[in-house]
Amino acid sequence: MKATCWYGKNDVRVLEVPDPRIVNKHDAIVRITLTAICGSDLHLYNGFVPGMEAGDILGHEFMGEVVEVGSAVNNLKTGDRVVVPFPIACSRCFMCNEKMYSLCENTNPNARMAEALWGHSPAGIFGYSHLVGGFAGGQAQYVRVPFADVGPIKIPDDLPDEKVLFLSDIYPTGYMAAEACNIKPGDTIAVWGCGPVGQFAMKSAQLLGAERIIGIDRFPYRLEMARRECDAQTINYEDVDTHEALMEMTGGRGPDACIDAVGMESHDA
Ligand SMILES: [Zn+2]
Ligand SMILES: [Zn+2]
């Protein structure tokens, strides 16, 4: 199959590599139909994440069709369409029982490496360095999905790939930020960063009852999209003092909550 392989800082190649195989009875093999490049992939591309090895297959935002399942997979069958969330979870450990799947204690075989760097280890993650398990990613024609009964979300036939792909990462990322704001009806929410995660946070904030969204960025095309797609008012922080502008727009009260969606998607990262 063809796959997007990392070979070093600023060196990513599309190469022919061996097809993935079922190696555990809980695995499934998914034929990729759509995948995305994340802002976090730029951290790999720019060489900021340790634990990458030459030839690693990138990609943690993907979806596709199940083409093979291991003998212990009960929830999926060949032909199912699925979106696969980027953390790999076992469903049986303490963290999974608490529904904190991204902190699964069983799926990162290199947890000690991650603990040395971050203090705690997250779950194993597709295509995101050996610090989080060295799992082959989904910017490829096929991917092996471990614990296939747990993560993958089955997609009804009438929903096109483009409408559901972002459930793999950036929509839940934006939603979680909005959820953390404890939004009450009528609230004003300011969102730093009007890239994809920022705009999903804006949409989520509206869904949760926010009345007014203020989007902050410096790229005019993003600000324009935030106004058009998310009904946001916008601030270009290169043109005005952001704090003053926020105070003026909210009658001196300030927004009810703020979301920082910059770190994930800064062009300068
Ligand atoms: Zn991502
Ligand atoms: Zn677990």
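The dialogue below asks how the labels given to parts of this predicted model are justified.

Reader: Which residues hold the zinc ion (ligand 1), and what makes them donors?

Author: They are Cys38 (SG), His60 (NE2), Glu61 (OE) and Asp169 (OD), at 1.8 to 2.3 Å. A donor must be an N, O or S atom within 2.8 Å of the metal. These atoms therefore count as donors.

Reader: Why is the arrangement around the zinc ion (ligand 1) called tetrahedral?

Author: The four donor atoms subtend angles of 91 to 133°. For four donors, the tetrahedral label needs all angles between 85 and 135 degrees. The angles fall in that window, so the site is tetrahedral.

Reader: How are the donor residues of the zinc ion (ligand 1) spaced in sequence?

Author: The pattern is C-x21-H-E-x107-D. Cys38 and Asp169 link distant parts of the chain, 131 residues apart. Cys38 sits in the loop between strand E3 (28-35) and helix H1 (39-45). Asp169 sits in the loop between helix H4 (161-164) and helix H5 (170-179). Cys38 and Asp169 are buried.

Reader: What are the protein donors of the zinc ion (ligand 2)?

Author: Cys90 (SG), Cys93 (SG), Cys96 (SG) and Cys104 (SG), lying 2.3 to 2.4 Å from the ion. The cut-off is 2.8 Å, so these sulfur atoms qualify.

Reader: What makes the site of the zinc ion (ligand 2) tetrahedral?

Author: The angles among its four donor atoms are 102 to 116°. The window is 85 to 135 degrees, so the label applies. Along the chain the donors follow C-x2-C-x2-C-x7-C. Cys90 lies in the loop between strand E7 (87-88) and helix H2 (94-97), and Cys104 in the loop between H2 and helix H3 (111-118). The two are 14 residues apart. Cys90 and Cys104 are buried.

Reader: How do you know that Arg144 and Asp27 form a salt bridge?

Author: Their side chains meet at 2.8 Å, N to O. The limit is 4 Å, so the pair counts. Arg144 lies in strand E9 (residues 142-145), Asp27 in the loop between strand E2 (11-16) and E3, so the bridge ties together parts that are 117 residues apart in sequence.

Reader: Why is Asp27 called buried, and Arg144 partly exposed?

Author: Asp27 has 1% relative accessibility. Buried means under 20%, so Asp27 is buried. Arg144 has a relative accessible area of 24%. Partly exposed runs between 20% and 50%, so Arg144 belongs there.

Reader: What makes Arg218 and Glu238 a salt bridge at 3.8 Å?

Author: The limit again: 3.8 Å is within 4 Å, so this pair counts. Arg218 lies in the loop between strand E12 (212-217) and helix H7 (220-230). Glu238 lies in the loop between strand E13 (233-236) and helix H8 (242-249). The pair ties together parts that are 20 residues apart in sequence. Glu238 has 53% relative accessibility; exposed means over 50%, so Glu238 is exposed. Arg218, at 22%, is partly exposed.

Reader: How many salt bridges does the structure hold?

Author: It holds 13. One of them joins Asp11 and Arg13, at 2.8 Å, N to O. Asp11 is partly exposed at 23%, and Arg13 is partly exposed at 36%.

Reader: Is Thr188 buried or exposed, and how do you know?

Author: Thr188 is buried. Its relative accessible area is 5%, and the cut-off for buried is under 20%, so the label follows. Thr188 lies in strand E11 (residues 188-192). Leaving aside neighbours within four places in sequence, Thr188 is in contact with Arg212, Ile214, Thr250, Pro255, Asp256 and Ala257.

Reader: Why is Thr33 called partly exposed?

Author: Its relative accessible area is 35%. That lies between 20% and 50%, so partly exposed is the label. Thr33 lies in strand E3. Beyond neighbours within four places in sequence, Thr33 is in contact with Met63, Gly64, Glu65 and Asp161.

Reader: How many cavities of 30 Å³ or more does a search of the whole structure find?

Author: One. About 50 Å³ of space lies in the largest cavity. Its lining includes Val84, Pro85, Phe126, Val145 and Phe147.

Notes: Residues are numbered from 1 along each chain as its sequence is written. Chains are lettered from A and ligands numbered from 1 in the order in which they are written. This is a predicted model: local features need pLDDT of at least 70, side-chain atom pairs count only at pLDDT 80 or more; totals for chains, interfaces and linings use all residues. Side-chain values use heavy atoms; hydrogens and water are left out. Donors are N, O and S atoms within 2.8 Å of the metal (3.2 Å for Na, K and Ca); water is not among the atoms, so sites may look incomplete. Four donors count as tetrahedral if all angles lie between 85 and 135 degrees; four count as square planar and six as octahedral if opposite donors are over 155 degrees apart and all others between 65 and 115; anything else is irregular. Helices (H or I, at least four residues) and strands (E, at least two) are DSSP runs, numbered from the N terminus. Buried means under 20% relative accessible area, exposed over 50%, partly exposed in between (1.4 Å probe, protein chains only). Contact means heavy atoms within 4.5 Å. On a 1 Å grid over the protein atoms alone, a cavity is a set of points where a 1.4 Å probe fits but cannot get out, and a pocket is an open set with protein on both sides within 12 Å along at least five of seven lines; lining residues have an atom within 4 Å of a point. Grid points are joined across faces, edges and corners, and a volume is the space filled by probe spheres set on the points.
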